[in-house]
Protein chains: 4
Amino acid sequence: MVEAQREPTPPLERMMFFSDAVFAIAITLLVIEIEVPQLPHGASNSEHLAALANLTPHFIGYVISFAVIGVFWTGHHRAFSLALHFAPGLYLPNLALLGAIAFMPFSTAYLSENYSERVPHIVYNGMLLLTALLNVRVVRKVTGRPYVDENASAKSVAVVRAWSWGLAGGAVLAFAVSFIAPQWSHAALIMVPMCMVLAIGWAKRRVAVA
Amino acid sequence: MVEAQREPTPPLERMMFFSDAVFAIAITLLVIEIEVPQLPHGASNSEHLAALANLTPHFIGYVISFAVIGVFWTGHHRAFSLALHFAPGLYLPNLALLGAIAFMPFSTAYLSENYSERVPHIVYNGMLLLTALLNVRVVRKVTGRPYVDENASAKSVAVVRAWSWGLAGGAVLAFAVSFIAPQWSHAALIMVPMCMVLAIGWAKRRVAVA
Amino acid sequence: MVEAQREPTPPLERMMFFSDAVFAIAITLLVIEIEVPQLPHGASNSEHLAALANLTPHFIGYVISFAVIGVFWTGHHRAFSLALHFAPGLYLPNLALLGAIAFMPFSTAYLSENYSERVPHIVYNGMLLLTALLNVRVVRKVTGRPYVDENASAKSVAVVRAWSWGLAGGAVLAFAVSFIAPQWSHAALIMVPMCMVLAIGWAKRRVAVA
Amino acid sequence: MVEAQREPTPPLERMMFFSDAVFAIAITLLVIEIEVPQLPHGASNSEHLAALANLTPHFIGYVISFAVIGVFWTGHHRAFSLALHFAPGLYLPNLALLGAIAFMPFSTAYLSENYSERVPHIVYNGMLLLTALLNVRVVRKVTGRPYVDENASAKSVAVVRAWSWGLAGGAVLAFAVSFIAPQWSHAALIMVPMCMVLAIGWAKRRVAVA
């Protein structure tokens with residue numbers, strides 16, 4: 001399943017690389033928010049293990065937010081690999097999406113520092129939902145006219161769009177869970193890939209029928 | 001309204017990607033300056049909401065500075081998409097512009113931390129004005145000889161230049177407001193897009209007449 | 001020994017540039033974790049030298065982790081320079097590798113702050129080993145079908161893969177040393193390039209025979 | 001004076017973009033090391049101006065280090081714009097140069113925090129000299145075989161190399177001054193561009209004669 005080989009125009013390519021840089025910086029800054037334990041000289045092994053154990057929410061938060069930003073980058077990559085052309089209408093939606101992505105180190109750190117409370121879970125999943133909605137808009141735009149590669153298959157377009165909808169659907173569910181049962185809000189993120197798989201399967205069947 | 005398709009020369013392309021990286025890092029570092037609230041274990045929901053409410057100037061500052069850097073990046077992108085060639089005369093003006101952009105996380109954080117005072121507003125809008133003037137110089141240079149694509153339309157060049165002038169004009173107004181009525185200096189930034197729209201409209205009419 | 005000249009497809013190229021950005025940010029953030037000494041005004045030269053001497057583990061850690069990330073980047077660069085095509089199966093292994101790379105500023109700082117203890121050495125070398133294993137997977141994938149350039153020589157592929165195995169072998173040895181004799185764990189990293197040289201030599205002989 | 005138009009090979013291009021990212025991050029992180037003044041609510045304008053005045057060494061350090069990294073980037077850009085090919089011998093010298101560049105936010109912050117002392121000036125200018133020497137090696141390598149564009153003019157190669165030697169010569173002088181008269185060490189950096197101009201002039205005359 002090797003993807004499109006035609007070159008995007010230089011302005012579209014530049015927008016992709018700028019977006020890549022923002023995704024890459026946001027994903028790499030996640031680790032900066034984890035405070036490095038500094039124990040007194042001669043601290044025992046068990047004290048060190050305890051200090052690391054205390055950081056568990058931060059490590060979990062790192063892995064999850066890395067995966068979340070990675071999923072958004074993957075979607076951005078897939079959607080833009082179907083596009084060839086650039087027009088100024090892409091500036092605003094893409095910048096809005098990047099602004100939400102770049103905010104993730106904050107909401108991740110806020111959640112990790114206050115893992116047992118309700119508000120940080122609502123903030124984290126709320127920002128995730130906002131990001132997912134801005135992502136839907138970018139994916140829809142870039143896989144339509146005048147951006148899309150005229151030779152892109154209807155199936156590829158449908159799959160990429162379904163992916164963005166599935167992501168948003170999972171984010172809605174996780175957001176709801178963070179109100180009702182914040183202690184399950186992180187576990188609820190598993191619904192994001194599940195919704196994505198369901199949405200993609202549904203899209204493939206619909207294209208096959210048509 | 002699909003833009004130019006010819007490939008820029010490799011040295012020009014590399015300058016664009018370096019610039020993109022600086023824009024992307026500056027825009028993503030904005031969030032690092034927002035201190036993450038860390039409340040005692042068992043803090044109530046209302047305490048969390050109060051802690052977030054205290055950060056309001058930081059959130060507003062994040063959104064505004066993200067938009068400001070986004071506007072400068074958009075202008076840089078539009079101007080360079082009309083260029084094809086490289087010459088060493090571009091090094092200094094472009095680096096000066098990037099130096100002003102990279103300073104924005106500082107002036108943003110300084111303003112957010114001291115939102116009710118006059119000096120931070122003057123510093124923020126003063127740096128904005130300086131950045132806008134450096135931007136005018138880069139845009140003018142890169143849309144002229146020997147950089148510009150010989151096939152770029154006079155209208156595209158006029159619009160991109162007018163955009164940079166409108167941005168500078170709005171920055172002058174916001175800078176003036178920050179002296180007279182600092183509490184309105186952020187609201188005054190709305191004059192930046194207004195001036196840009198006016199300048200672009202004027203440029204389009206002038207080209208149509210000519 | 002000039003390498004392949006054919007252009008990778010745009011989606012593969014974009015994945016490389018995203019990866020480069022993550023490598024570059026992780027390698028550059030290493031320095032941020034070193035706390036800058038701030039001595040009282042009028043501190044003597046010897047006080048300044050003592051403050052810098054106290055940072056010795058940080059400087060060593062900076063150089064070593066810079067070299068480590070540099071080696072992984074070099075391997076990524078070599079492996080991807082043999083590839084031309086993209087397929088979605090590359091998203092997950094590459095993101096997992098990048099997640100491990102982006103974590104290095106943390107494990108480096110943790111080790112530098114607590115240089116005389118056992119646990120930080122185990123954590124550092126354990127993360128190194130994990131990164132090396134994720135790297136083996138990416139290198140193997142990208143130098144095989146459907147990614148690889150059909151014209152890539154069997155020898156180039158064998159050398160690049162041997163490099164990744166040598167790196168992992170050295171990491172296993174260093175990880176073992178960090179349990180037994182943590183004070184030698186940094187010195188044990190010299191086994192990483194040694195294992196790489198051995199593995200590459202072995203691979204070259206095997207290809208020559210075949 | 002428009003530069004070379006031939007495309008570098010993909011592996012060389014990727015090395016350039018990785019280098020660009022490191023340069024860009026190092027140059028943008030400079031601002032992060034400047035501590036943002038946070039004054040009590042209701043602080044007077046003069047208190048704010050005093051707080052900013054206290055940061056003067058930091059602002060000067062920001063401008064100077066931005067210019068220094070900008071000069072190294074410019075040299076890297078000029079040298080690599082004369083190259084077309086890639087070989088593995090470039091990995092180590094280029095990584096060593098990037099490691100010295102990425103260290104600049106540290107030596108800049110150390111100097112700005114302790115501006116009146118001798119040791120920080122020696123450290124800053126010593127690192128500058130080391131960076132300049134590593135730069136000489138990279139420039140020399142990349143403008144020679146097997147990297148260089150066979151059609152690059154002898155004059156272009158001579159000018160780029162002279163530039164790197166002039167930079168190193170100026171760094172030697174500034175390093176000497178930082179021992180003898182640290183209070184003049186920053187001012188002594190003016191000798192860097194002076195030496196570069198002299199070296200380039202000398203190189204041009206030599207090529208013209210030959």
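**Chatting through a predicted four-fold assembly**

User: Hi! What turn lays chain A on chain C?
Analyst: A turn of 90 degrees with a shift of 0.0 Å along the axis lays chain A on chain C, and the RMSD is 0.0 Å. This is a predicted model, by the way.

User: Nice. So which kind of axis relates the two copies?
Analyst: The copies are related as by a four-fold rotation axis, which follows from that superposition.

User: Which C-alpha of chain A is nearest the axis?
Analyst: That would be the C-alpha of A:Ala21, which is 4.3 Å from the axis.

User: Do the copies use different surfaces or the same ones, and what share of the contact residues of chain A recurs in chain C?
Analyst: They use different surfaces, and 9% of the contact residues of chain A recur in chain C.

User: Let's look at that contact. How many residues of chain A are in contact with chain C?
Analyst: There are 33 residues of chain A in contact with 33 residues of chain C. On the side of chain A that touches chain C, α1, α2 (45-54) and α3 (56-80) each supply at least two residues.

User: Which helix gives the most?
Analyst: Helix α1(A) does, with nine residues. By class, this side of chain A has 20 nonpolar, ten polar and three charged residues.

User: And how many residues go into the contact between chains D and C?
Analyst: That one takes 33 residues from chain D and 33 residues from chain C. In chain D, the helices α1 (10-29), α4 (91-102), α5 (104-113) and α6 (118-142) each supply at least two residues of the side that touches chain C. Helix α1(D) gives the most, with ten residues.

User: What about the classes on that side of chain D?
Analyst: The side of chain D that touches chain C has 23 nonpolar, five polar and five charged residues.

User: Switching topic: how many helices and strands are there in chain A?
Analyst: Chain A has eight helices and zero strands. Along its principal axes, the C-alpha trace of chain A spans about 65 × 35 × 30 Å.

User: What share of chain A is buried?
Analyst: Of the 210 residues in chain A, 55% are buried. Among contacts in chain A with a separation of 6 or more, 82% join residues 24 or more positions apart.

User: α1 keeps coming up. How many of the residues of α1(A) are buried?
Analyst: 20 of the 20 residues of α1(A) are buried, so this helix is largely enclosed by the rest of the structure. Its end C-alpha atoms are 28 Å apart, which agrees with the 28 Å that its 20 residues should span at 1.5 Å a residue.

User: I clicked on C:Ser65. Which helix is it found in?
Analyst: C:Ser65 is in helix α3 (residues 56-80) of chain C.

User: Why does C:Ser65 count as buried?
Analyst: Because it has 23 C-beta neighbours inside 10 Å, and a residue needs 20 or more to be called buried.

User: Which residues is C:Ser65 in contact with, leaving aside its neighbours within four places in sequence?
Analyst: Those are C:Leu30, C:Met104 and C:Thr108. C:Ser65 is also 9.5 Å from C:Ser107, C-alpha to C-alpha, although the two are 42 residues apart in sequence.

User: Last one: where in chain A is confidence lowest, and where is it highest?
Analyst: In chain A, confidence is lowest in helix α8 (residues 191-209), at a mean pLDDT of 90, and highest in helix α4 (residues 91-102), at 97. Chain A averages a pLDDT of 92, and 97% of the residues score at least 70. For the complex, the predictor gives an ipTM of 0.92 and a pTM of 0.94.

Note on methods:
Residues numbered from 1 in each chain as written. Chains lettered and ligands numbered in written order. Predicted model: local features only at pLDDT ≥ 70, side-chain atom pairs only at ≥ 80, totals over all residues. Helix = DSSP H or I, 4+ residues; strand = E, 2+ residues; numbered from the N terminus. Buried ≥ 20, exposed ≤ 12 C-beta atoms within 10 Å, placed from the backbone. Contact = placed C-beta atoms within 7 Å. Expected span 1.5 Å × (residues − 1). Nonpolar A, V, L, I, M, F, W, Y, C, P; charged D, E, K, R; others polar. Least-squares fit on C-alpha atoms with pLDDT ≥ 70 in both. pLDDT = per-residue confidence, 0-100.
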